[in-house]
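Thanks, everyone. Please have the sequence and the model open in front of you. I'll go through the spaces inside and then the helix packing.

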Amino acid sequence: MVGGGAAALLGLIFVAMSINHVIIIQNTTHKNRAINMLTGFTAIFMASSLALMGNQSLEVLGFEWFLLWLIATVIFIRGYVIAIRSGMSSIGLNTPRLAGGTICYLVEVISAIFLILGYSSGLYIAAVAIIVLFAFLISGAWLLMIGIYEDRPK
């Protein structure tokens with residue numbers, strides 16, 4: 001269910017970005033936030049898809065998730081740091097958002113390690129973290145749209 005929702009929101013964000021691509025390209029904050037939103041929703045969709053693949057052990061799923069969430073975590077942190085350093089648009093660029101998002105991604109990485117070690121509790125930890133991450137991504141997408149609205153030509 002979460003994977004389908006992530007795919008739908010990914011499509012909506014992609015359309016909104018393509019309508020406002022000039023503003024996004026010109027603003028480092030918007031560009032990196034867009035990358036983070038696309039990466040996050042794609043990671044949720046991919047994680048959900050990998051979980052639905054049949055005939056694989058928890059260890060294999062854990063390894064797949066570990067790679068997926070590690071890459072997504074690096075992209076998230078890198079994008080946030082670049083956006084903060086650019087100083088272009090400060091909407092939503094604050095320590096609690098950076099910490100909250102980073103914690104969500106790192107919990108996903110930790111849940112993957114639990115799966116690699118054979119603990120099925122990693123599935124439950126990942127489920128909670130995905131739902132919280134989903135909320136962070138939705139609010140990030142909203143901040144992107146607000147930022148684009150404020151930066152549009154008047």
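The largest cavity holds about 130 Å³ of space. Keep in mind that this is a predicted model. How many cavities of 30 Å³ or more does the structure hold? The count is 1.

What lines the largest cavity? There are 17 lining residues. Nearest the centre you find Asn36, Met37, Phe76, Tyr80 and Arg97. Four elements give two or more residues each to this lining: α3, α4, α5 and α6. Helix α3 gives the most, with 5 residues. By class, the lining has 9 nonpolar, 6 polar and 2 charged residues. Arg97 is one of the residues nearest the centre, and arginine counts as charged.

Now the largest pocket. Its space is about 230 Å³. The lining is made of 13 residues. Closest to the pocket centre are Val2, Ala47, Ser48, Ala51 and Ile130. Which elements give two or more residues here? They are α1, residues 2-19, α3, residues 28-52, and α6, residues 121-151. The largest share comes from α6, with 5 residues. Look at the classes in this lining: 11 nonpolar, 2 polar and no charged. Compare that with the cavity lining, where 2 residues are charged.

On to the helices. Two packed helices are described by the angle between their axes and the distance between the axes. I'll give you both for three pairs.

Start with α1 and α6. They pack at an angle of about 15°, and their axes are 12 Å apart. Parallel or antiparallel? That angle makes α1 roughly parallel to α6, because angles under 35 degrees count that way. The crossing of α1 past α6 is left-handed. From α1, the contact uses Val2, Gly5, Ala6, Leu9, Ile13, Ala16 and Met17. From α6, the partners are Ile130, Phe134, Ile138, Ala141, Leu144 and Met145. The classes are 12 nonpolar, 1 polar and no charged. Which residue is the polar one? It is Gly5 of α1, because Gly counts as polar. Note two names you have already heard. Val2 and Ile130 are in this contact, and both are among the residues closest to the centre of the largest pocket.

Next, α4 and α5. Helix α4 covers residues 58-86, and helix α5 covers residues 95-116. Their axes are 7 Å apart, at an angle of about 160°. So α4 is roughly antiparallel to α5; the cut-off for that is over 145 degrees. Helix α4 passes α5 in a left-handed crossing. The residues of this contact divide into 19 nonpolar, 5 polar and 3 charged. Both helices also give two or more residues to the lining of the largest cavity.

Last pair: α5 and α6. Their axes come within 9 Å. The crossing angle is roughly 155°. That makes α5 roughly antiparallel to α6. Which hand does the crossing of α5 and α6 have, left or right? It is left-handed. This contact has 16 nonpolar, 7 polar and 2 charged residues.

To recap, follow α6. It packs roughly parallel with α1 and roughly antiparallel with α5. Helix α6 also gives residues to the lining of the largest pocket and to that of the largest cavity. Helix α3 is on both of those lists too. That's my tour.

Key:
Residues are numbered from 1 along each chain as its sequence is written. This is a predicted model: local features need pLDDT of at least 70, side-chain atom pairs count only at pLDDT 80 or more; totals for chains, interfaces and linings use all residues. Side-chain values use heavy atoms; hydrogens and water are left out. Axes are lines fitted to C-alpha atoms, for helices over the stretch in contact, and angles run from 0 to 180 degrees between N-to-C directions. Angles under 35 degrees count as roughly parallel, over 145 as roughly antiparallel, 65 to 115 as roughly perpendicular and the rest as oblique. A crossing is left-handed if the near helix is turned anticlockwise from the far one by less than a right angle, and right-handed if clockwise. On a 1 Å grid over the protein atoms alone, a cavity is a set of points where a 1.4 Å probe fits but cannot get out, and a pocket is an open set with protein on both sides within 12 Å along at least five of seven lines; lining residues have an atom within 4 Å of a point. Grid points are joined across faces, edges and corners, and a volume is the space filled by probe spheres set on the points. Contact means heavy atoms within 4.5 Å.
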